[in-house]
Amino acid sequence: QSFNIAAGPAVRLQFTTEPSFATFENAAFAVQPVVRTFDAMGNFALFNGVVTLTLSSGLGELSGQVAVTAVNGIANFANKGLSINRAGTDKRLLASAESLQSDETANFTILVAATHLSFIGQPSSYTPAGEFFEIEPIVAVTNIYGDIATSFNGSITLYLNSSDVSLNGNATLNATNGIANFYRNRLSVAVKGEYVMYATASSLLPAYSANFTITGAP
(Lines give C-alpha, C1' and ligand atoms only; values in the text may rest on other atoms or scores of the structure.)
Protein backbone atom coordinates (compact mmCIF):
# COMPACT_ATOMS: atom_id res chain seq x y z
CA GLN A 1 0.00 0.00 0.00
CA SER A 2 1.45 3.37 -1.00
CA PHE A 3 1.62 6.35 1.31
CA ASN A 4 2.89 9.93 1.24
CA ILE A 5 5.47 11.53 3.47
CA ALA A 6 4.38 15.10 4.10
CA ALA A 7 6.70 17.92 5.11
CA GLY A 8 6.45 19.09 8.67
CA PRO A 9 5.36 22.57 9.67
CA ALA A 10 7.45 25.52 8.52
CA VAL A 11 10.08 26.54 11.06
CA ARG A 12 12.54 28.69 9.13
CA LEU A 13 13.04 31.00 6.17
CA GLN A 14 15.75 30.78 3.55
CA PHE A 15 16.73 33.00 0.63
CA THR A 16 16.64 30.76 -2.42
CA THR A 17 17.34 33.73 -4.71
CA GLU A 18 19.48 36.60 -3.43
CA PRO A 19 19.33 40.17 -4.76
CA SER A 20 21.64 41.27 -7.57
CA PHE A 21 25.24 41.45 -6.38
CA ALA A 22 25.83 44.98 -7.72
CA THR A 23 23.13 47.61 -8.28
CA PHE A 24 23.19 51.41 -8.43
CA GLU A 25 21.68 53.52 -5.68
CA ASN A 26 17.91 53.98 -5.97
CA ALA A 27 17.72 51.47 -8.84
CA ALA A 28 15.54 48.38 -8.50
CA PHE A 29 17.50 45.14 -8.18
CA ALA A 30 17.72 43.43 -11.55
CA VAL A 31 17.27 40.18 -9.63
CA GLN A 32 14.77 40.49 -6.79
CA PRO A 33 14.95 38.09 -3.85
CA VAL A 34 12.89 34.96 -3.32
CA VAL A 35 12.37 33.46 0.14
CA ARG A 36 11.09 29.95 0.87
CA THR A 37 10.00 28.19 4.04
CA PHE A 38 11.42 24.88 5.31
CA ASP A 39 10.58 22.40 8.01
CA ALA A 40 13.00 21.17 10.69
CA MET A 41 14.31 18.44 8.35
CA GLY A 42 15.10 20.81 5.51
CA ASN A 43 12.08 20.00 3.38
CA PHE A 44 10.05 22.66 1.62
CA ALA A 45 7.12 23.50 3.87
CA LEU A 46 3.81 25.20 3.28
CA PHE A 47 3.39 28.68 4.69
CA ASN A 48 0.99 31.45 3.70
CA GLY A 49 1.96 34.21 6.12
CA VAL A 50 3.68 37.53 5.55
CA VAL A 51 7.43 37.65 4.92
CA THR A 52 9.14 40.98 5.52
CA LEU A 53 12.55 42.14 4.33
CA THR A 54 14.70 44.70 6.14
CA LEU A 55 18.18 46.12 5.56
CA SER A 56 20.27 44.46 8.25
CA SER A 57 23.73 45.76 7.35
CA GLY A 58 25.05 48.99 5.82
CA LEU A 59 23.72 52.53 5.61
CA GLY A 60 20.60 53.47 3.71
CA GLU A 61 16.95 52.60 3.40
CA LEU A 62 15.31 49.65 1.68
CA SER A 63 12.49 50.92 -0.53
CA GLY A 64 9.77 49.19 -2.53
CA GLN A 65 7.26 46.60 -1.36
CA VAL A 66 9.18 45.06 1.53
CA ALA A 67 6.44 42.68 2.73
CA VAL A 68 4.65 40.01 0.68
CA THR A 69 2.35 37.13 1.54
CA ALA A 70 3.93 33.78 0.85
CA VAL A 71 2.04 31.39 -1.42
CA ASN A 72 2.58 27.74 -0.59
CA GLY A 73 5.81 28.59 1.17
CA ILE A 74 7.24 30.96 -1.46
CA ALA A 75 7.60 34.71 -0.94
CA ASN A 76 8.57 36.11 -4.33
CA PHE A 77 9.65 39.76 -4.40
CA ALA A 78 9.86 39.93 -8.21
CA ASN A 79 8.41 43.19 -9.55
CA LYS A 80 8.27 44.67 -6.04
CA GLY A 81 10.79 47.39 -6.91
CA LEU A 82 13.20 46.83 -4.03
CA SER A 83 16.10 49.28 -3.99
CA ILE A 84 18.58 50.88 -1.57
CA ASN A 85 19.49 54.57 -1.55
CA ARG A 86 23.07 54.48 -0.18
CA ALA A 87 26.19 52.99 -1.71
CA GLY A 88 28.37 50.43 0.03
CA THR A 89 29.81 46.92 -0.18
CA ASP A 90 28.35 45.73 3.13
CA LYS A 91 24.63 45.45 2.39
CA ARG A 92 22.60 42.49 3.62
CA LEU A 93 18.88 41.79 3.74
CA LEU A 94 17.08 40.01 6.56
CA ALA A 95 13.91 37.99 5.93
CA SER A 96 11.55 37.53 8.85
CA ALA A 97 8.09 36.14 9.52
CA GLU A 98 6.13 35.55 12.68
CA SER A 99 7.17 32.37 14.54
CA LEU A 100 9.79 31.43 11.92
CA GLN A 101 13.57 31.54 12.11
CA SER A 102 14.86 34.45 10.03
CA ASP A 103 17.49 34.32 7.30
CA GLU A 104 20.05 36.80 6.01
CA THR A 105 21.64 37.23 2.59
CA ALA A 106 25.33 37.33 1.86
CA ASN A 107 26.91 40.76 1.46
CA PHE A 108 26.13 42.58 -1.77
CA THR A 109 27.12 45.93 -3.25
CA ILE A 110 25.23 49.12 -3.97
CA LEU A 111 27.14 51.30 -6.43
CA VAL A 112 27.40 55.10 -6.29
CA ALA A 113 24.99 56.75 -8.73
CA ALA A 114 26.70 59.73 -10.37
CA THR A 115 24.69 62.93 -9.94
CA HIS A 116 27.12 65.77 -9.11
CA LEU A 117 30.55 67.17 -9.87
CA SER A 118 32.77 68.48 -7.09
CA PHE A 119 36.15 70.23 -6.99
CA ILE A 120 38.28 68.14 -4.64
CA GLY A 121 41.41 70.03 -5.71
CA GLN A 122 41.35 73.79 -6.29
CA PRO A 123 43.42 75.70 -8.89
CA SER A 124 46.29 77.84 -7.59
CA SER A 125 45.06 80.97 -5.83
CA TYR A 126 47.56 83.34 -7.52
CA THR A 127 48.93 82.66 -10.99
CA PRO A 128 50.58 85.15 -13.40
CA ALA A 129 48.65 85.85 -16.61
CA GLY A 130 49.64 83.44 -19.37
CA GLU A 131 51.42 81.08 -16.97
CA PHE A 132 50.31 77.55 -16.28
CA PHE A 133 48.60 76.96 -12.96
CA GLU A 134 51.12 75.65 -10.46
CA ILE A 135 48.32 73.56 -8.96
CA GLU A 136 45.79 72.25 -11.46
CA PRO A 137 42.22 71.46 -10.42
CA ILE A 138 40.88 67.99 -9.63
CA VAL A 139 37.20 67.23 -10.18
CA ALA A 140 35.32 64.27 -8.75
CA VAL A 141 32.02 62.72 -9.80
CA THR A 142 29.86 62.05 -6.76
CA ASN A 143 26.40 61.24 -5.51
CA ILE A 144 24.39 63.62 -3.33
CA TYR A 145 26.27 62.39 -0.26
CA GLY A 146 29.73 63.13 -1.71
CA ASP A 147 30.64 59.49 -2.36
CA ILE A 148 32.81 59.14 -5.48
CA ALA A 149 31.19 57.35 -8.43
CA THR A 150 34.12 55.12 -9.39
CA SER A 151 32.16 53.65 -12.32
CA PHE A 152 32.09 57.02 -14.14
CA ASN A 153 34.70 57.45 -16.89
CA GLY A 154 33.03 60.11 -19.05
CA SER A 155 34.39 63.49 -20.08
CA ILE A 156 34.48 66.58 -17.85
CA THR A 157 35.06 70.09 -19.21
CA LEU A 158 36.24 73.21 -17.37
CA TYR A 159 35.20 76.78 -18.16
CA LEU A 160 35.75 80.24 -16.73
CA ASN A 161 32.92 82.38 -15.42
CA SER A 162 33.71 85.01 -18.05
CA SER A 163 32.18 85.72 -21.43
CA ASP A 164 35.32 87.58 -22.56
CA VAL A 165 38.19 85.45 -21.26
CA SER A 166 38.79 81.78 -22.05
CA LEU A 167 40.52 79.03 -20.16
CA ASN A 168 43.52 78.03 -22.30
CA GLY A 169 44.95 74.52 -22.51
CA ASN A 170 43.28 71.13 -22.58
CA ALA A 171 40.14 71.87 -20.58
CA THR A 172 38.37 68.56 -21.32
CA LEU A 173 39.44 65.32 -19.72
CA ASN A 174 37.97 61.85 -19.29
CA ALA A 175 37.54 60.87 -15.67
CA THR A 176 39.29 57.77 -14.38
CA ASN A 177 37.29 55.91 -11.77
CA GLY A 178 35.23 59.02 -11.13
CA ILE A 179 38.11 61.52 -10.89
CA ALA A 180 39.41 63.98 -13.49
CA ASN A 181 42.86 65.24 -12.52
CA PHE A 182 43.95 68.13 -14.75
CA TYR A 183 47.53 68.21 -13.41
CA ARG A 184 49.10 67.69 -16.89
CA ASN A 185 46.67 69.74 -18.94
CA ARG A 186 48.71 73.01 -18.94
CA LEU A 187 45.80 75.28 -18.12
CA SER A 188 46.27 79.05 -18.13
CA VAL A 189 44.41 82.36 -18.29
CA ALA A 190 45.78 85.22 -20.40
CA VAL A 191 44.08 88.18 -18.70
CA LYS A 192 44.53 89.20 -15.06
CA GLY A 193 41.49 89.35 -12.84
CA GLU A 194 39.35 87.41 -10.35
CA TYR A 195 37.83 84.21 -11.71
CA VAL A 196 35.92 81.03 -10.88
CA MET A 197 36.16 77.79 -12.81
CA TYR A 198 33.15 75.62 -13.32
CA ALA A 199 33.09 71.97 -14.32
CA THR A 200 30.42 70.34 -16.48
CA ALA A 201 29.59 66.83 -17.67
CA SER A 202 26.60 65.41 -19.46
CA SER A 203 23.61 64.77 -17.16
CA LEU A 204 25.49 65.83 -14.01
CA LEU A 205 25.08 68.92 -11.86
CA PRO A 206 28.01 71.32 -12.40
CA ALA A 207 30.57 72.33 -9.78
CA TYR A 208 32.23 75.67 -9.09
CA SER A 209 35.74 76.25 -7.79
CA ALA A 210 36.77 78.73 -5.16
CA ASN A 211 37.69 82.21 -6.39
CA PHE A 212 41.24 82.60 -7.69
CA THR A 213 43.36 85.48 -8.93
CA ILE A 214 45.29 85.87 -12.17
CA THR A 215 47.98 88.46 -11.56
CA GLY A 216 49.81 90.69 -14.03
CA ALA A 217 52.40 88.94 -16.15
CA PRO A 218 55.83 88.79 -14.47
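Is asparagine 177 buried, exposed or partly exposed? Asparagine 177 is partly exposed, because its relative accessible area is 45%, and exposed would require over 50%. The model described here is predicted. The protein has 21 strands and zero helices. Its radius of gyration is 27 Å, well over the 17 Å that the globule rule gives for 218 residues, so the protein is more spread out than a compact globule.

**Overall form**

- The C-alpha trace of the protein spans about 105 × 25 × 20 Å along its principal axes.
- Of the 218 residues in the protein, 41% are buried.
- Among contacts with a separation of 6 or more, 61% are between residues 24 or more positions apart.

**Surface and charge**

- The exposed area of the protein is about 11500 Å², and carbon and sulfur atoms supply 50% of that area.
- The protein carries 9 positive and 14 negative charges, and the mean positions of these two groups are 5 Å apart.

**Aromatic pairs**

- Six aromatic pairs are found in a search of the whole structure.
- One of them joins phenylalanine 133 and phenylalanine 212, whose ring centres are 5.4 Å apart. The planes of these two rings stand at 80°, so the pair is edge-to-face, given that angles over 60 degrees count as such.
- Phenylalanine 133 lies in the loop between strand 13 (126–128) and strand 14 (138–142), while phenylalanine 212 lies in strand 21 (residues 212–215). The pair therefore ties together parts that are 79 residues apart in sequence.
- Phenylalanine 133 and phenylalanine 212 are both buried.
- Tyrosine 198 and tyrosine 208 have ring centres 5.7 Å apart and planes at 35°, so this pair is tilted.
- Tyrosine 198 belongs to strand 19 (residues 197–200) and tyrosine 208 to strand 20 (residues 207–208), so the pair ties together parts that are 10 residues apart in sequence.
- The two tyrosines fall in separate exposure classes: tyrosine 198 is partly exposed, with a relative accessible area of 25%, whereas tyrosine 208 is exposed, with 55%.
- One aromatic cluster is formed by Phe133, Tyr195 and Phe212.

**Alanine 129**

- Alanine 129 is located in the loop between strand 13 and strand 14. Phenylalanine 133 also lies in the loop between these strands.
- Alanine 129 counts as buried because its relative accessibility is 13%, and the cut-off for buried is under 20%.
- From C-alpha to C-alpha, alanine 129 and lysine 80 are 59 Å apart in space. In sequence, alanine 129 and lysine 80 are 49 residues apart.

**Positive phi outside glycine**

- Asparagine 177 has a phi near 55°, which is a positive value in a residue other than glycine.
- Asparagine 177 sits in the loop between strand 16 (172–174) and strand 17 (179–181).
- Serine 203 is not a glycine either, and its phi is positive at about 70°.
- The loop that holds serine 203 runs between strand 19 and strand 20. Strand 19 contains tyrosine 198 and strand 20 contains tyrosine 208.
- Serine 203 counts as exposed, because its relative accessibility is 72%, and the cut-off for exposed is over 50%.

Definitions and conventions. Residues numbered from 1 in each chain as written. Predicted model: local features only at pLDDT ≥ 70, side-chain atom pairs only at ≥ 80, totals over all residues. Heavy atoms only, no water. Helix = DSSP H or I, 4+ residues; strand = E, 2+ residues; numbered from the N terminus. Rg over C-alpha atoms; globule rule 2.2 N^0.38 Å. Buried < 20%, exposed > 50% of the residue type's maximum accessible area, 1.4 Å probe, protein only. Contact = heavy atoms within 4.5 Å. Areas by Shrake-Rupley, 256 points an atom, 1.4 Å probe, with all protein chains shown as cover. Lys, Arg positive; Asp, Glu negative; His and termini not counted. Charge placed at Lys NZ, Arg CZ, Asp CG, Glu CD. Phe/Tyr/Trp six-rings, centres within 6.5 Å; stacked < 30°, edge-to-face > 60°.
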